[in-house]
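Work through these exercises with the structure open beside you. Try each task before reading its solution.

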Amino acid sequence: MSSNSFIQEWVYTDVVKDHFMNPRNILSDPDYQEDGRGLEGSLACGDQMLVVIKVTDDVIVDLKWKTYGCASAIASTSMMSEMAIGMTLDEAYHLTPSMITDRLGGLPTHKFHCSVLGDKALRAAIDDYLERAGRENPFKKSVAKVICECKNITDQQIEALVKSGDVKTFEQLQEQTGLGTVCGQCKGTAGELLDELMHLYGK
Amino acid sequence: MNERIVYMDNNATTPIAPEVKEVILQTLDIYGNASSMHGPGRLASAAVSHSRGKVASLIGAQPEEIVFTGGGSESNNTVLNLVFSDIFDNTGRNRIVTTRIEHPSIYETVQTLTDKGIEVTFIDVDGQGNLKMDDLAAAMGDDVAIVSVMMANNEIGTILDVSGAARLAHACGALMHTDAVQAVGKIPVDVRELDVDFLSLSGHKLYAPKGIGALYIKKGIAFCPLIHGGHQEAGRRAGTYNNTGIIALGTAAELAAATMAEEMVREGALRDRLREGLLAAVPDITVNGNQKAILPGTLNVSFPGAEGESILLYLDLEGIAVSTGSACATGSLEPSYVLTELGLGPELAHSSIRFSLGSYNTVEDVDYVLERLPPIIKKIREMSTL
């Protein structure tokens with residue numbers, strides 16, 4: 001069988017394919033002397049990510065990573081590693097999945113979930129670095145926590161909606177934000193958060 | 001894209017056999033409506049009848065017991081829909097008994113039926129995918145309308161005890177269906193030996209095109225169509241006869257009957273060569289499914305430490321086509337429910353690859369996979385957190 005021209009395109013963009021075939025900055029040295037380490041994800045969802053960093057004068061001078069994950073996870077973390085090296089801790093902490101996927105030329109919608117682990121693990125590594133150094137973490141509170149990764153809905157957004165009285169039930173939350181309507185994995189966490197916020201602000 | 005294509009995803013679909021393609025091209029001009037009385041209609045009708053005989057012959061049925069459908073999923077839905085028909089009026093039978101490893105066209109369909117008041121009992125399988133017959137026996141009762149047990153599993157290839165299930169079904173007065181989509185054309189299937197009332201088969205799993213399938217309906221069994229609005233198929237399935245699809249399916253059935261015995265041995269040897277080669281070349285892998293009662297061309301392997309979609313796509317870059325039970329390949333977050341039901345943990349399920357060999361695979365194909373796959377697994381494992 002020979003392939004026809006209309007099926008030549010690959011599942012993902014050329015950039016994704018390149019990073020998938022030749023992932024950058026893979027951790028291969030077992031004696032790597034890291035300044036910070038972050039591990040995110042779980043086997044149950046099929047994606048796990050390890051990021052280790054070296055830091056000099058609050059700049060990430062080196063970053064290595066490993067993953068148990070799919071092509072999207074591999075490509076997005078490879079891209080993230082290229083972007084993060086040379087960034088200040090502040091800049092790196094505010095790297096978002098969409099900044100990474102933009103550089104990749106996009107990912108299919110249902111693959112977005114797979115791309116968020118890299119920068120989560122990076123933030124965890126920065127948290128770890130600051131903790132090891134015994135320093136206060138100026139970033140942790142500055143970033144809202146993403147509750148729904150698929151729709152990028154944060155805890156702060158949910159809090160605002162509850163405070164304004166626009167959202168009282170989980171159904172209303174879903175209607176107004178789309179939260180939990182793609183992969184549904186956040187429903188438990190979001191439900192708990194909503195209960196907590198309703199207890200505080202809901203009348 | 002790699003120039004060489006090694007297609008090992010024949011359980012997903014098969015290419016059209018050259019013999020079938022030849023007949024399709026020769027008969028594409030048979031345009032008549034097979035229900036019409038005039039010449040063109042009679043020609044189409046003769047072609048349909050001829051094919052019906054070939055399909056019947058492949059599974060040991062009578063021609064009038066074969067109804068052509070749009071495919072395996074339609075055949076399966078048609079049988080499950082019977083639970084709402086007047087066949088079961090005033091019988092107190094409103095329960096379907098099936099397995100936990102059925103194809104989605106059974107597994108998901110019965111779940112939608114529960115919303116409409118139908119009860120469903122799922123029977124467990126063991127670690128190799130064998131049906132737990134004691135559980136099946138215990139689940140039977142005079143409220144059971146239909147028992148549906150697949151003949152061979154699409155993901156792991158395990159062959160289930162359909163005739164044993166049929167005995168239990170009939171002992172309590174239920175109707176027996178088997179989804180034999182993965183079995184027909186690959187292994188001997190005889191509806192009388194199996195003693196089933198209904199059997200589903202699909203054209204594109206046996207080298208005919210997509211969009212054509214058949215349903216065996218045992219003579220004398222009460223039936224109600226899923227698709228109404230025409231007298232075709234003796235009132236059992238409305239819709240103008242799909243001349244080309246039916247002719248193709250008949251040709252594919254004839255071809256399968258002629259080549260099956262030899263092909264089972266050949267594909268089995270290729271599968272064994274692949275399995276033994278992988279076991280020798282890749283450390284820490286597990287083979288899934290019952291290796292003693294299995295489709296000749298199916299091999300399901302877990303490569304712990306390597307996520308399945310990554311394996312699939314690295315193989316794709318080498319021109320090798322396989323499938324995976326990993327969640328990532330489907331867009332859901334759950335890995336294959338079939339593998340989960342076998343008791344495989346998420347790590348093994350997410351790292352599973354199904355090789356399904358077919359008529360056109362060669363020793364060279366197997367050796368090409370054995371050459372290309374081990375370095376891929378090594379590469380993925382080296383970047384794995386596990």
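**Exercise 1.** Describe how helices α2 and α9 of chain B pack.

Solution. Start with the bounds: helix α2 of chain B covers residues 39-58, and helix α9 of chain B covers residues 243-281. Helices here are DSSP runs of H or I with at least four residues, strands are runs of E with at least two, and both are numbered from the N terminus. Next, take the geometry. The two helices pack at an angle of about 35°, and their axes are 8 Å apart. Axes are lines fitted to C-alpha atoms, for helices over the stretch in contact; angles run from 0 to 180 degrees between N-to-C directions. Then find the hand. α2(B) passes α9(B) in a left-handed crossing. That term applies if the near helix is turned anticlockwise from the far one by less than a right angle; clockwise is right-handed.

Now list residues. On α2(B), those meeting α9(B) include B:A44, B:V48 and B:L58. On α9(B), they include B:I246, B:G250 and B:A257. Contact requires C-beta atoms, placed from the backbone, within 7 Å. Finally, sort the contact by class: 11 nonpolar, five polar and two charged residues. Nonpolar means Ala, Val, Leu, Ile, Met, Phe, Trp, Tyr, Cys and Pro; charged means Asp, Glu, Lys and Arg; the others, Gly among them, are polar.

A word on the model and its labels. It is predicted, so local features need pLDDT of at least 70 and side-chain atom pairs count only at pLDDT 80 or more, while totals for chains, interfaces and linings use all residues. Residues are numbered from 1 along each chain as its sequence is written, and chains are lettered from A and ligands numbered from 1 in the order in which they are written.

**Exercise 2.** Trace the open sheet of seven strands in chain B.

Solution. Read the order: β2-β8-β7-β6-β5-β3-β4, with mixed pairing. Two strands pair if DSSP finds at least two bridges between them. Locate the edges. They are β2 (66-69) and β4 (119-123) of chain B, and each pairs on one side only. Check the twist: neighbouring strands are turned by 20° against each other on average, direction ignored. Now zoom in on one edge. β2(B) and strand β8 (residues 213-217) of chain B run antiparallel, joined by four bridges. There, B:T69 stands opposite B:G213.

**Exercise 3.** Trace the open sheet of four strands in chain B, and place α9(B) against its strands.

Solution. The order is β9-β10-β13-β12, and the pairing is antiparallel. β9 (286-288) and β12 (323-324) of chain B are the edge strands. Three bridges pair β9(B) with β10(B). In β10(B), B:S302 is the bridge partner of B:T286. Now add the helix. α9(B) lies across β9, β10 and β13 (352-356) of chain B, at about 15° to β10(B).

**Exercise 4.** Find how the domains of chain B meet.

Solution. Take the bounds, which come from an automatic or database domain assignment. Domain 1 is 6-15 + 260-382, and domain 2 is 18-255. Over C-alpha atoms, their centres are 28 Å apart. Count the contacts: 25 residues of domain 1 touch 24 residues of domain 2. On the domain 1 side, α9, β10 (298-302) and α11 (337-341) each supply at least two residues. α11(B) gives the most, with three residues. By class, that side has 10 nonpolar, 13 polar and two charged residues.

**Exercise 5.** Describe the side of chain B that touches chain A.

Solution. Begin with the counts: 23 residues of chain B are in contact with 27 residues of chain A. α10 (308-317) and α12 (346-350) of chain B each supply at least two residues of the chain B side. The largest share, four residues, comes from α10(B). Sort the side by class: 13 nonpolar, six polar and four charged residues.

**Exercise 6.** Are B:E233 and B:A234 buried or exposed?

Solution. Recall the usual backbone first. Most residues other than glycine have a negative phi. B:E233 has a positive phi of about 55°, and B:A234 also has a positive phi of about 55°. B:E233 is found in helix α8 (residues 232-235) of chain B, and B:A234 lies in α8 of chain B too. Now apply the cut-offs: 20 or more other C-beta atoms within 10 Å is buried, 12 or fewer is exposed, in between is partly exposed, with C-beta atoms placed from the backbone. B:E233 has 22, so B:E233 is buried. B:A234 has 10, so B:A234 is exposed.

Key:
Contact = placed C-beta atoms within 7 Å.
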